[in-house]
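Hello,

Here is the structure I said I would pass on. Please open it beside this email and follow along.

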Amino acid sequence: MAASLVPKIYRSANKPTWCPGCGDYGVLEATTRALATLQVEPHRVAVVSGIGCSSRFPIFLNAYGFHSVHGRVLPIATGLKVANPELTVLAVGGDGDGLAIGAGHFPHAARRNPDITYIMMDNSIYGLTKGQISPTSRLQQRSSTTPWGNVDRPLNPVAMAVAAGASFVARGVSWAVAELADLIRQGIEHRGFAFIHAVSPCPTFNNTLAQIKPRVAPLPQGYDPTDPVRAFELALHTEALHTGVLYREPETIPYEERLAALEPPTVQDRQTFLQSLIDAYR
Ligand SMILES: Cc1ncc(C[n+]2csc(CCOP(=O)(O)OP(=O)(O)O)c2C)c(N)n1
Ligand code: SF4
């Protein structure tokens with residue numbers, strides 16, 4: 001069958017309002033290419049975001065979209081998937097959205113393993129609010145809130161995802177669109193929580209492209225993505241930024257399927273359970 005859904009079908013009529021050169025353009029393009037490769041119809045896709053420049057994503061995508069609340073993208077996307085498991089659910093946002101205000105949700109989404117794909121656009125700065133330090137900002141980074149340099153060590157999103165039990169963990173960069181599209185495609189195809197760390201520089205407030213580019217490296221020859229210890233080790237090697245699928249758990253049961261498999265309690269069971277709780281606190 002000839003592919004009828006081309007990438008531009010997934011672009012809405014709203015033109016992106018990001019600054020010229022923003023990495024998020026590459027991530028949007030990669031996402032439309034991944035969806036076109038999978039030939040998933042736009043009305044079967046839902047994209048949820050938090051708040052931030054990167055979280056404007058749903059406005060520019062032709063799919064169901066929810067531009068939600070700062071830091072709450074993962075519980076909302078998880079609830080959406082549980083309510084309608086037929087949908088392809090994408091969760092998107094920035095490093096501030098996912099690792100500062102939303103950090104509490106990240107390990108729990110990873111361990112629950114809903115079949116959603118979480119694309120974190122990491123520019124190591126708060127872009128929307130004009131350049132405050134973020135949890136992935138490097139040591140000594142100067143910003144409007146760290147005029148003499150950042151003294152906090154950065155979080156490592158890939159290591160965190162592996163440690164929390166995410167069943168698929170990949171890293172791509174916004175300027176290598178074809179590779180990133182393939183990672184997003186694999187993340188969507190994976191049955192379970194897929195975390196895509198998309199390094200996506202902000203030329204306006206933290207122009208890191210020239211520093212990051214020389215550090216980008218492919219995975220080592222013969223790399224086994226099913227070994228979480230090796231994935232963790234590689235993630236900790238921050239002098240090189242390895243791109244590709246760092247970890248993939250071969251067989252997983254998504255959260256929504258485990259929920260659906262629960263034996264539904266009878267009304268009598270529920271009443272007995274509630275009564276036992278009330279009695280316990282009398
Ligand atoms: C509850 C709440 N707190 C703070 C803010 C202000 N705020 C909006 S976006 C943002 C951070 C944006 O950074 P990031 O998530 O990394 O996205 P980027 O803009 O860099 O893509 C903050 C702190 C808010 N909108 N809501
Ligand atoms: S401020 Fe930075 S992150 Fe926001 S649109 Fe501009 S370049 Fe992109």
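**Pockets and ligands**

Ligand 1 takes up the space of the second largest pocket. Keep in mind throughout that this is a predicted model.

The second largest pocket has a volume of about 230 Å³. It is lined by 17 residues, and those closest to its centre are I51, G52, Y126, G127 and L128. Helix α4, which covers residues 95-101, gives the largest share of this lining, three residues. By class, the lining of the second largest pocket holds six nonpolar, eight polar and three charged residues.

Now to the ligand itself. Which residues come nearest to ligand 1? There are 16 residues around ligand 1, and C53, S54, G96, D97 and G127 come nearest. Helix α4 appears again here, since the largest share of the shell around ligand 1, four residues, comes from α4. The shell around ligand 1 divides into six nonpolar, eight polar and two charged residues.

Three contacts are worth finding on the screen. In each one, an oxygen atom of ligand 1 faces a polar backbone atom of the protein:

- G96, at a distance of 2.8 Å
- D97, at a distance of 2.7 Å
- G127, at a distance of 2.9 Å

On its own, ligand 1 has 590 Å² of accessible area, and the protein covers 74% of that.

Next is ligand 2. The residues that surround ligand 2 are W18, C19, C22, C53, N123, G127, C202, P203, T204 and F205. Of this shell, seven residues are nonpolar, three are polar and none is charged. Two names should look familiar: C53 and G127 are in the shell of ligand 2, and both are also among the residues that come nearest to ligand 1.

That leaves the largest pocket. How much space lies in the largest pocket? The volume is about 530 Å³. Its lining consists of 25 residues, with S124, T136, P154, R215 and L241 nearest the centre. The elements that each give two or more residues to this lining are helix α6 (157-164), strand β6 (194-199), helix α8 (209-212) and helix α9 (228-236). Sorted by class, the lining of the largest pocket has ten nonpolar, eleven polar and four charged residues.

To find your way around, start from G127. This residue is one of those closest to the centre of the second largest pocket, its backbone has a polar atom 2.9 Å from an oxygen atom of ligand 1, and it belongs to the shell around ligand 2.

Regards

Key
Residues are numbered from 1 along each chain as its sequence is written. Chains are lettered from A and ligands numbered from 1 in the order in which they are written. This is a predicted model: local features need pLDDT of at least 70, side-chain atom pairs count only at pLDDT 80 or more; totals for chains, interfaces and linings use all residues. Side-chain values use heavy atoms; hydrogens and water are left out. On a 1 Å grid over the protein atoms alone, a cavity is a set of points where a 1.4 Å probe fits but cannot get out, and a pocket is an open set with protein on both sides within 12 Å along at least five of seven lines; lining residues have an atom within 4 Å of a point. Grid points are joined across faces, edges and corners, and a volume is the space filled by probe spheres set on the points. Ala, Val, Leu, Ile, Met, Phe, Trp, Tyr, Cys and Pro count as nonpolar, Asp, Glu, Lys and Arg as charged, and the others, Gly among them, as polar. A residue is near a molecule or strand if one of its heavy atoms lies within 4 Å of it. A polar contact is a pair of N or O atoms within 3.5 Å; within protein, one must be able to donate a hydrogen and the other to accept it, and residues adjacent in sequence count only if both atoms are side-chain atoms. Accessible areas come from the Shrake-Rupley method with a 1.4 Å probe; for residues, only the protein chains shown count as cover. A molecule sits in a cavity or pocket if more than half of its atoms lie within 2 Å of its grid points.
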